[in-house]
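Grab a pencil and open the viewer. Below are some short exercises, each with a solution worked out step by step.

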Amino acid sequence: MKSNAEIIRDALEQVVNQKRIDAWDHYFGPDYVARGAPFIGMGFSRDTSGNKHKIDAISPGSPAEGKLEIGDELLWVADERQRWETYEELFRGLQCYRGNTLKLGVRRGEEILEVELTRGLMRGFDTDNDQAKSEMREFMTNDIPDLRVDVKMTLEDGNMVACLMEYRGTHANYKREAIWREIWVVRLSEGKIVESWPLPDVDAYLRQLGYQSVPPSPLTDER
């Protein structure tokens, strides 16, 4: 009988290196869930199609819950120094506002409302089995079709396995090769992966593709 660490190694070899997404269900239980890391945020997402910014999701327990509603249209956002109003400006305003508090103007039906949100602790977003499988298929097929993974280390304790992995591949659109590491903590039950806590080095991955981090202006800047 294979150890849990060996099952993890087999799963990565078959699903990633052998490009056998069809082997996913052999290694992952139907109730598998990937636990996202916590972060500080507002707790809403937008649909930006049709030249409008419309709220399409609100996270339970987030600062946005009870203040924003799905379907609200964002008209403007403002911090203590600046206001962004046009469709194009809203993208920057929602990314580059200063401080922890943001005011939003929203259209809700026939009403125009002003909402104030303060960033707060957000529970990480969970990814269920079907979504995780779909995202891995998309990543291996369209984003990095030559993706390879090298398992550097595994630590096993009962039904838990911690795995240090090194991914490498060339992005199909950017034509750039990248190599990055990920810590993958996994819980198994009856030989299948049922829960995990992935910790990829996203910053290293994106920097190698050419993304740049632009720091916000300090609050002490003169007007």
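Which residue in β5 does H53 stand opposite? It is L74. One thing to keep in mind as you go on: this is a predicted model.

**Exercise 1. Work out how β5 is tied to its neighbouring strands.**

Step 1. Start with β4, the strand at residues 53-58. β4 and β5 run antiparallel and pair over 2 bridges. The H53–L74 match belongs here, with L74 sitting in β5.

Step 2. Now go to β7. β5 and β7 are antiparallel too, and 5 bridges join them. Find A78 and look across to β7: its bridge partner there is K103.

Step 3. Stay on A78, but look towards β6 this time. Its partner in β6 is R83. β5 and β6 pair in the antiparallel sense over 2 bridges, and a hairpin of 4 residues takes the chain from β5 to β6.

Step 4. Is β5 largely enclosed or open? Count its buried residues. You should get 5 of 6, so β5 is largely enclosed by the rest of the structure.

**Exercise 2. Find the buried side of helix α3, and say what it packs against.**

Step 1. Scan residues 87-96 for positions under the 20% cut-off for relative accessible area. Your buried set should be L90, G93 and L94.

Step 2. Check where they point. They span an arc of only 90° around the axis, which puts them on the same side of α3. The general rule fits in here: an α-helix has 3.6 residues a turn, so residues three or four places apart point the same way.

Step 3. Flip to the face turned away from that buried side. There you'll find the exposed residues E88, R92 and Q95.

Step 4. List what the buried residues touch. They pack against β3, β4, β5, β6 and β7, so β5 from Exercise 1 turns up again among the partners.

**Exercise 3. Describe the salt bridge between R107 and E73.**

Step 1. Get the distance. The closest N and O atoms of R107 and E73 are 3.0 Å apart.

Step 2. Place both ends. R107 lies in strand β7 and E73 in strand β5, 34 residues apart, which makes this a link between distant parts of the chain.

Step 3. Compare exposure. R107 is partly exposed at 36% relative accessible area, whereas E73 is buried at 12%.

**Exercise 4. Take two more salt bridges from the model and see which one belongs to a network.**

Step 1. Set the scene: the structure holds 16 salt bridges. As a reminder, side chains of opposite charge can pair when their charged atoms come close.

Step 2. Look at D150 and K152. Their side chains meet in a salt bridge, 2.9 Å from N to O. D150 is partly exposed at 37%, and K152 is partly exposed at 40%.

Step 3. Move on to E195 and R187. The closest N and O atoms in this salt bridge are 2.9 Å apart. E195 is buried, with a relative accessible area of 12%, while R187 is partly exposed at 28%.

Step 4. Follow the shared partners. Salt bridges join E195 and R187 with R35, R123 and D126 into one network.

Terms used. Residues are numbered from 1 along each chain as its sequence is written. This is a predicted model: local features need pLDDT of at least 70, side-chain atom pairs count only at pLDDT 80 or more; totals for chains, interfaces and linings use all residues. Side-chain values use heavy atoms; hydrogens and water are left out. Buried means under 20% relative accessible area, exposed over 50%, partly exposed in between (1.4 Å probe, protein chains only). The arc is that of the directions from the helix axis to the C-beta atoms. Contact means heavy atoms within 4.5 Å. A salt bridge is a side-chain nitrogen of Lys or Arg within 4 Å of a carboxyl oxygen of Asp or Glu. Two strands pair if DSSP finds at least two bridges between them.
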